[in-house]
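Q: I would like to learn how to read cores, helix packing and pockets from a set of coordinates. Can we work through one model together?

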Amino acid sequence: MILKQFYLACLAQASYLIGDEQSRRAVVVDPQRDVDHYLAAAAELGLTITDVILTHIHADFVAGHLTLRDRVGATVHLGRRATVAFGFHPLADGESIDLGRVRLRVLETPGHTPEGIALVVEDAGVPQAVLTGDTLFVGDVGRPDLLASAGMTADALARELFTSVAKLAALPDEVRVYPGHGSGSLCGKNLGAAKLSTIGAERLGNYALSIRDPDAFVAAVNADQPQAPAYFAHDVALNRSEHDTTAPSALPLTVEALLRARDAGAQVVDVREATAFSAAHLRGALNVGLGGQFAQWAGAVLDPSRSIVLIADPGRADEALTRLRRIGFDCVLGQVQDGMAALADRPDLIAQARRIDAAELARWLTRADRPLIIDVRRHDEHAAGHLPDSRNIPLQILTQSLGQLPREREL
């Protein structure tokens, strides 16, 4: 049996390649949108990818199921309750995908979404691992509140999740748990840092598996969930649709083309690091640095329905384009040719952003006209400790909340 995990730190997202060493067939589970590394791994291992499975319709990234279908002819599989605009094979509870000696047995595990499934990986009939998607994480379970806008109540889904978690907990202790996400994902509220676990370890250490009463479970899993970015709904719609699977390049733009795009409503996104942005940037540009969880922060502050122009250091624009496409931001018009160097003779377009340290902020807060502090961390982070009189508006909802902020006061 071959089981290889691919972990995308930018989105705290895990995907999997499972292969049979005798038949040389392979399945990819929950692929990210750019799929070359799955193809390279399969080629290196002498495997042929014949199938691709989504454990559910993802909200936090655009999956690569259609790309693998188009690139290698893989059959797409989803849980039988999925409603999508493309052809797929529906998987029901107890059904199996046989690769040879290796078999993937389906468990229907609704709760995070109605169509959710888990995959028990068996080698010669013996359960070795379970791919739990967003139903069971290390130390947590999937949040049931993301489909409220689609007419599904969080309480109803949480009750289905209770049954699904119990079904997973009934597997043997030694079965390895491979979840769909790790720490940093917004698909749960307290995911552990480990990228895998076992059923026995989760039965002992996961709070949700210790709750025996359905009402108590519903209350516990729905409490204190973090704010979800607005782009989640966009990604759900894209993952349900038949969409373009080609990957464009970031076309070079002149300064004149940049200004025309900006004046027409495009979002100018400067992906350099914060210190460089602070020193000099195009007036009105948004700064989301390529370091760390770029895609999550970009998804929190950008509008996927509006065009985007990139300003990047030389050689970094295509990376930004790839990472934006992973969350469904496909409307990138291009990159400013030569980056900020192109604006060297246009000082009228340049602005600076002041960065202050804690000591300077402390002095500001003693003034009679002290500024209003906007704390953009999650509600739970703010509750754990914050500056007095700060206003907590999580970054995921900051754009929609700007009208609540005073215009006459320093922020």
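A: This is a predicted model. Start with the largest nonpolar core, which has 50 residues. Inside this core, the residues with the most contacts are Leu-17, Ile-49, Val-271, Phe-294, Leu-310 and Leu-324. Helix 10 (residues 317–325) supplies the largest share, 4 residues. There is also a second, separate core of 22 residues, with Leu-107, Val-141, Phe-162 and Ile-199 among them.

Q: Which residues does Ile-49 touch, leaving out those up to four places away in sequence?

A: Ile-49 touches Leu-17, Ala-26, Val-28, Tyr-38, Leu-39, Ala-42, Val-72 and Ala-74.

Q: How should I read the buried residues of a helix, and which are they in helix 2?

A: In an α-helix there are 3.6 residues a turn, so residues three or four places apart point the same way. In helix 2 (residues 65–72), His-65, Leu-66, Thr-67 and Leu-68 are buried. Their cover includes strand 3 (25–29), helix 1 (36–45), strand 4 (48–53), strand 5 (75–79) and helix 6 (231–240). Just after helix 2, Gly-73 has a positive phi of about 75 degrees.

Q: How is empty space found, and what volume does the largest pocket have?

A: A probe the size of a water molecule, rolled over the atoms, shows where empty space is left. Here the largest pocket has a volume of about 1,200 Å³. It is lined by 26 residues, of which Ala-353, Arg-354, Ile-374, Val-376 and Leu-411 are the closest to its centre. Helix 8 (274–279), strand 18 (286–287), helix 11 (358–364) and helix 13 (395–398) each give two or more residues to the lining.

Q: How does that lining divide by class?

A: The lining has 21 nonpolar, 2 polar and 3 charged residues.

Conventions
Residues are numbered from 1 along each chain as its sequence is written. This is a predicted model: local features need pLDDT of at least 70, side-chain atom pairs count only at pLDDT 80 or more; totals for chains, interfaces and linings use all residues. Side-chain values use heavy atoms; hydrogens and water are left out. On a 1 Å grid over the protein atoms alone, a cavity is a set of points where a 1.4 Å probe fits but cannot get out, and a pocket is an open set with protein on both sides within 12 Å along at least five of seven lines; lining residues have an atom within 4 Å of a point. Grid points are joined across faces, edges and corners, and a volume is the space filled by probe spheres set on the points. Ala, Val, Leu, Ile, Met, Phe, Trp, Tyr, Cys and Pro count as nonpolar, Asp, Glu, Lys and Arg as charged, and the others, Gly among them, as polar. Buried means under 20% relative accessible area, exposed over 50%, partly exposed in between (1.4 Å probe, protein chains only). Contact means heavy atoms within 4.5 Å. A nonpolar core is a set of buried Ala, Val, Leu, Ile, Met, Phe, Trp, Tyr and Cys residues joined through side-chain atoms within 4.5 Å.
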